[in-house]
Amino acid sequence: MGSTLASIDATLKEVYEGTVREQLSGDIVALKRIARSSDNISNETQGKYVTFPLHVRRNGGIGSRNEGEALPNPGQQGYVSARIGLKSDYLGIELTAHSIEQSDANPKAFAKSLDEEMTRGRNDFKKDLNRQIYGNGTGAIATVRTTVTGVNVIPVDDARGFWIGSHVVDVVTLPATITTAQRTVTAVDLTTGANTITLSGAALNATAGQIITLYNSAGKEITGLGAIIQNTGILYNVNPSTEPVWKAEVDSNGGTGRALSENLMIRMTDRIRANGGKTTVIMTDDGTYRAYWNLLSQLRGFVNTQDFTGGFKGLAFVAGSDEIPLVSDYDAPRGTMNFLNEDEITFYRDEDIHWLNRDGSILKQKVDANGRYDVWQAWMKENHELGTGRRNTHGKITDIISG
């Protein structure tokens, strides 16, 4: 028998072609949109808290009188102080000296390992922050949908936010009691009727209503839109039970899905306008974006995406004389449209994402109880928080049937 590929395998060369092919989505629509200009970013956060006053009540000392009657009792304006403290996010990398040196010197390497970890780590940091923007501050990536016992496959309300083989998570009972800790997400099933995640390690129990968070992150993430756009709950130390104007506009349907309509959307913009606000963008998930596209196609026969300020593309929603961009984001919660007044949203931070280097070095040698290693670590960080000065100029429609 003559030569075959198997017999001459040792003599063949491997041809390295091109660069590393990206397989993961890097869209960070909400983060880019909210931080699209310097007007939406504040670096004035050097103290313990960011504090600002809120005007919450009018002067009620008014009234009409007949001649000779006593004048109205004097009134006064009402104010409260909102207080925002920054949250801290970190991401760490670790490489052996051999991986750094050999990828740096070998022309056949696809990429320098150190550059790859630093660059892609920064992208991962932003991707996770984009998810947090839609969160409620609890750290929940998803909520356990039904109670299960002695399993590794956990049914959740939305499995889209998990990174297979990367996310290390806890199962948490609110507000922040960890019942199962530090498990790796080994599989995600997004098929209809499934929506599950698989966790490493021994079989576990999970109870409906528990949340799945990143390891040791429960209650430590930013106060996202899930907490800001609510008509209940204390926000920035201000309680809407005592200050009723400190509520967002919420149109829900008790958890029962309903068809999207332009009437629902117009009514929401009207409610926000009645509070003195103006909707500048509608952020939603892909399925609800399709539902709106289907609605437009039924009403108008054809639909085109449009280019909006800041390089964003989306569908236009017309309310009165205003044309509002409706933009889809994979990280947005399903079946929800967030109506944002971006002029009243600020992303607070002390500085942009940066590497910890207080000792003058970004790379730190790994040291533990067994000694030192020829292994090098680094951590990036950002102190930040999402804030709003007018909660009642934002709103949301929930329980929308996706397209």
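**Exercise 1.** In this predicted model, determine whether Arg 33 and Glu 342 are buried or exposed, and then work out which parts of the chain their contact ties together.

*Solution.* Begin with accessibility: Arg 33 and Glu 342 are both buried, and a residue is given that label when its relative accessible area is under 20%. Next, consider the contact itself, in which the two side chains form a salt bridge with an N to O distance of 2.6 Å; this value lies within the 4 Å cut-off that such a pair has to meet. Finally, place the partners in the fold: Arg 33 belongs to helix α1 (residues 29-34), while Glu 342 sits in the loop between β18 (337-340) and β19 (345-349), and the pair therefore ties together parts that are 309 residues apart in sequence.

**Exercise 2.** Find where Asp 128 and Arg 131 lie, and state how each of them is classed by relative accessibility.

*Solution.* First locate the residues: both are found in helix α3 (residues 113-133), where a spacing of three residues corresponds to about one turn of the helix. Then examine the side chains, which meet in a salt bridge at 2.9 Å, N to O. For the last step, compare each value with the limit of under 20% for a buried residue: Asp 128 has a relative accessible area of 12% and is buried, and Arg 131, at 10%, counts as buried as well.

**Exercise 3.** Describe the salt bridge between Arg 271 and Glu 249, explaining which elements it ties together and how the two partners are classed by accessibility.

*Solution.* The closest N and O atoms of Arg 271 and Glu 249 are 2.8 Å apart. Since Arg 271 lies in helix α5 (residues 262-274) and Glu 249 in strand β13 (residues 249-251), the pair ties together parts that are 22 residues apart in sequence. Turning to accessibility, Arg 271 has a relative accessible area of 27% and is partly exposed, whereas Glu 249, at 16%, counts as buried. To widen the view, salt bridges with shared partners also join Arg 122, Arg 349, Asp 352 and Glu 382 into one network, and the structure holds 17 salt bridges.

**Exercise 4.** Identify the residues that form a nonpolar patch on the surface, and locate Leu 356 in the fold.

*Solution.* The patch consists of Tyr 90, Leu 356 and Trp 379, which together have about 280 Å² of accessible area. Leu 356 is placed in the loop between β20 (354-355) and β21 (364-368), and its relative accessibility of 30% makes it count as partly exposed.

Note on methods. Residues numbered from 1 in each chain as written. Predicted model: local features only at pLDDT ≥ 70, side-chain atom pairs only at ≥ 80, totals over all residues. Heavy atoms only, no water. Patch = residues over 30% accessible without salt bridge, like charges linked within 9 Å, V, L, I, M, F, W, Y side chains within 5 Å. Areas by Shrake-Rupley, 256 points an atom, 1.4 Å probe, with all protein chains shown as cover. Helix = DSSP H or I, 4+ residues; strand = E, 2+ residues; numbered from the N terminus. Buried < 20%, exposed > 50% of the residue type's maximum accessible area, 1.4 Å probe, protein only.
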